[in-house]
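Subject: A structure for you to explore

Hello,

Here is the structure I promised to pass on to you. Have a look around it first, and then read my notes below.

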Amino acid sequence: MRIPAHSVCTAIRDDIVAGVYERGGRLTEELLARRYGVSRVPVREALRTLEAEGFVVTRRHAGACVAEPTEQEAADLLEMRMLLEPLGASRAAQRRTEAHLKVLRGLVRLGQERARRGNSEDLRSLGGWFHETLAQASGSPALIAMLTQLRHKIAWMYAVEAPVSPVESWTEHGAIVDAVARGDGERARAITALHTERATGAHRLRFSVSGDRADRVRTSQHAVNMTGLRH
């Protein structure tokens with residue numbers, strides 16, 4: 001049975017994000033085909049897709065290699081997410097389905113419960129599912145694809161510290177869902193913007209930076225006052 005190229009692409013991408021392949025390391029079709037148990041054809045197609053996404057580069061005399069993003073490129077990803085996630089929340093307030101709301105509310109309940117217990121590993125997974133579902137609720141395939149790619153790249157380039165106050169973080173998740181459920185796009189956008197800005201401050205580059213440049217890449221974490229947003 002022929003393994004589809006998109007499945008091979010997902011497997012290679014996941015391994016790049018997980019650090020299985022080092023930044024700048026070669027990705028030979030023969031070794032990849034052997035690793036994933038496929039022919040070289042879907043591997044070749046997958047590498048083309050990953051190159052278009054920015055995970056892979058083709059170098060003269062070396063062939064396909066894992067990309068080596070610069071510090072500026074990494075910083076740009078966080079800025080893009082700060083712009084696009086609030087847009088997705090605003091769209092979700094207008095286009096969400098009852099199924100989306102059911103999943104989002106369930107995730108918030110679980111997140112708040114785990115936050116009270118202090119289970120950070122569960123919270124990381126739940127947070128990812130929450131934002132993925134929120135993006136799906138936007139009803140915009142292009143926006144969903146962009147946010148998905150951003151999440152993959154950010155996970156590859158950054159380590160994320162646990163929030164200082166996970167209970168407060170999940171209170172913000174709940175406020176986003178409340179706004180989406182009411183169809184209040186502006187409020188959903190505003191709360192998501194504040195929530196994303198706070199979360200950005202917990203990201204630390206996985207590769208080394210130096211001096212003042214490190215301070216500029218690491219976006220400052222700002223306190224979010226939810227009092228004015230609750231009405």
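Please keep in mind that this is a predicted model. Let's begin with a pair of helices: H5, which covers residues 98–117, packs against H8 at an angle of about 165°, and their axes are 9 Å apart. Angles over 145 degrees count as roughly antiparallel, so H5 is roughly antiparallel to H8. Their crossing is left-handed. If you want to see who meets whom, the H5 side includes Leu101, Leu104, Leu107 and Val108, while the H8 side includes Pro166, Val167, Trp170 and Val177. Gly111 in H5 and Gly174 in H8 are also among the residues of this contact.

Trp170 leads us nicely to the aromatic rings. How many aromatic pairs does a search of the whole structure find? There are two.

One of them joins phenylalanine 55 and tryptophan 156, with ring centres 5.3 Å apart and planes at 35°. Planes under 30 degrees apart would count as stacked and planes over 60 as edge-to-face, so this pair is tilted. Phenylalanine 55 sits in the loop between helix H3 (40–53) and strand E1 (56–59), and tryptophan 156 in helix H7 (residues 141–157). The two are 101 residues apart, so the pair links distant parts of the chain. Are these two residues buried or exposed? Phenylalanine 55 has a relative accessible area of 0% and is buried. Tryptophan 156 counts as buried too, at 7% relative accessibility.

The other pair is phenylalanine 130 with tryptophan 170, and it is edge-to-face: the distance is 6.2 Å centre to centre, with 75° between the planes. Phenylalanine 130 belongs to helix H6 (residues 120–136) and tryptophan 170 to helix H8 (residues 166–182), so this pair ties together parts that are 40 residues apart in sequence. Both of these residues are buried.

Rings can also have a charged residue over their face, so to speak, and you can look for two cases here. Lysine 153 lies over the face of phenylalanine 55, at 5.9 Å from the ring centre. Arginine 23 does this with phenylalanine 207, at 4.2 Å from the ring centre.

While you are looking at phenylalanine 55, find arginine 13 as well. Arginine 13 has its place in helix H1 (residues 5–18), and at 9% relative accessibility it counts as buried. Which residues does arginine 13 touch, leaving out those up to four places away in sequence? They are Leu50, Glu53, Phe55 and His152.

Now for another helix pair. Helix H2 (residues 29–36) packs with H3 at an angle of about 110°, and their axes are 9 Å apart. Angles of 65 to 115 degrees count as roughly perpendicular, so that is how H2 lies to H3. H2 passes H3 in a right-handed crossing. Glu29, Glu30, Leu32 and Ala33 of H2 make the contact with Arg40, Val43, Arg44 and Leu47 of H3.

Finally, take a look at histidine 61, in the loop between E1 and strand E2 (63–66). Histidine 61 is not a glycine, yet it has a positive phi of about 70°. At 75% relative accessibility, histidine 61 counts as exposed, whereas phenylalanine 55 is buried.

Enjoy exploring, and send me your questions!

Best wishes

Key
Residues numbered from 1 in each chain as written. Predicted model: local features only at pLDDT ≥ 70, side-chain atom pairs only at ≥ 80, totals over all residues. Heavy atoms only, no water. Phe/Tyr/Trp six-rings, centres within 6.5 Å; stacked < 30°, edge-to-face > 60°. Helix = DSSP H or I, 4+ residues; strand = E, 2+ residues; numbered from the N terminus. Buried < 20%, exposed > 50% of the residue type's maximum accessible area, 1.4 Å probe, protein only. Lys NZ or Arg CZ within 6 Å of the ring centre and 35° of its normal. Axes fitted to C-alpha atoms, helices over the stretch in contact; angles between N-to-C directions. Parallel < 35°, antiparallel > 145°, perpendicular 65-115°, else oblique. Left-handed = near helix turned anticlockwise from the far one by under 90°. Contact = heavy atoms within 4.5 Å.
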